[in-house]
Amino acid sequence: MPKINDYVERLYREAVKAMKNAIVPYSGFRVGAALLTTEHKVYTGCNIENPSLMLSECAERVAILKAVSDGVKDVRAIMIVSGMEGYCHPCGSCRQIIYEFARDAEIFIAGKKGIRKYSIEELLPHAFKA
Ligand SMILES: [Zn+2]
């Protein structure tokens, strides 16, 4: 894992830890996420499947909504890790959630070959705006 800096490593460790809590009886596909607020607090999430698959939640969305429900206004960075070989980029719904609640965040996605960094503008150009 290439070293980027301390907070990225911290987020990676927290996301990996959160991934262990994933509830994935249907897909077996584990995802973990961790976000860092501008006040240096970390919130984590894992994917949570439901027998009614449309009700399943993505790890990054869980982490973001936990932070938002705790009153967080500024997210500095988000890390997403998964058990897959490649990179687990956020789904379209999560990109919109990131756009809405973590627009300025650095988005890190960890894979077996290292960590990629994105902005939400790169992942979701022409986002929906109300
Ligand atoms: Zn998603």
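**View 1. Ala63 in helix H2 of the predicted model**. Ala63 is part of helix H2. This residue is buried, because its relative accessible area is 1%, under the 20% limit for that class. Leaving out residues up to four places away in sequence, Ala63 touches Ala33, Leu35, Tyr43, Thr44 and Gly45. Asn47 is 16 residues from Ala63 in sequence. In space, the C-alpha atoms of Ala63 and Asn47 are 9.7 Å apart.

**View 2. Helix H2 packs with helix H3**. Helix H2 covers residues 59-69, and helix H3 covers residues 92-101. Their axes are 10 Å apart and form an angle of about 25°. H2 is therefore roughly parallel to H3, as angles under 35 degrees count as roughly parallel. The crossing of the two helices is left-handed.

**View 3. The residues between H2 and H3**. From H2, the contact is made by Glu60, Arg61, Ile64, Leu65 and Val68. From H3, the contributors are Ser93, Cys94, Ile97, Ile98 and Phe101. Sorted by class, the contact of H2 with H3 has seven nonpolar residues, one polar residue and two charged residues. Many of these positions recur along a helix at short intervals, and a general rule applies here. An α-helix has 3.6 residues a turn, so residues three or four places apart point the same way.

**View 4. The zinc ion and its cysteines**. Which residues coordinate the zinc ion? Cys58, Cys91 and Cys94 do, each through its SG atom. The distances are 2.2 to 2.3 Å. Along the sequence, the donor residues follow the spacing C-x32-C-x2-C. Cys58 lies in the loop between strand S2 (42-46) and H2, while Cys94 lies in helix H3, so this pair ties together parts that are 36 residues apart in sequence.

**View 5. Cys58 and Cys94, two zinc donors**. Is Cys94 buried or exposed? Cys94 counts as buried, because its relative accessibility is 1%. Cys58 has a relative accessibility of 22% and therefore counts as partly exposed. The cut-off for buried is under 20%.

**View 6. The buried residues of helix H3**. Cys94, Arg95, Ile97, Ile98 and Tyr99 are the buried residues of H3. What do they pack against? Their partners are H2, strand S3 (75-82), strand S4 (106-111) and helix H4 (120-123). Cys94 is one of the buried residues of H3, one of the H3 residues in the contact with H2, and one of the donors to the zinc ion.

Key:
Residues are numbered from 1 along each chain as its sequence is written. This is a predicted model: local features need pLDDT of at least 70, side-chain atom pairs count only at pLDDT 80 or more; totals for chains, interfaces and linings use all residues. Side-chain values use heavy atoms; hydrogens and water are left out. Axes are lines fitted to C-alpha atoms, for helices over the stretch in contact, and angles run from 0 to 180 degrees between N-to-C directions. Helices (H or I, at least four residues) and strands (E, at least two) are DSSP runs, numbered from the N terminus. Angles under 35 degrees count as roughly parallel, over 145 as roughly antiparallel, 65 to 115 as roughly perpendicular and the rest as oblique. A crossing is left-handed if the near helix is turned anticlockwise from the far one by less than a right angle, and right-handed if clockwise. Contact means heavy atoms within 4.5 Å. Ala, Val, Leu, Ile, Met, Phe, Trp, Tyr, Cys and Pro count as nonpolar, Asp, Glu, Lys and Arg as charged, and the others, Gly among them, as polar. Donors are N, O and S atoms within 2.8 Å of the metal (3.2 Å for Na, K and Ca); water is not among the atoms, so sites may look incomplete. Buried means under 20% relative accessible area, exposed over 50%, partly exposed in between (1.4 Å probe, protein chains only).
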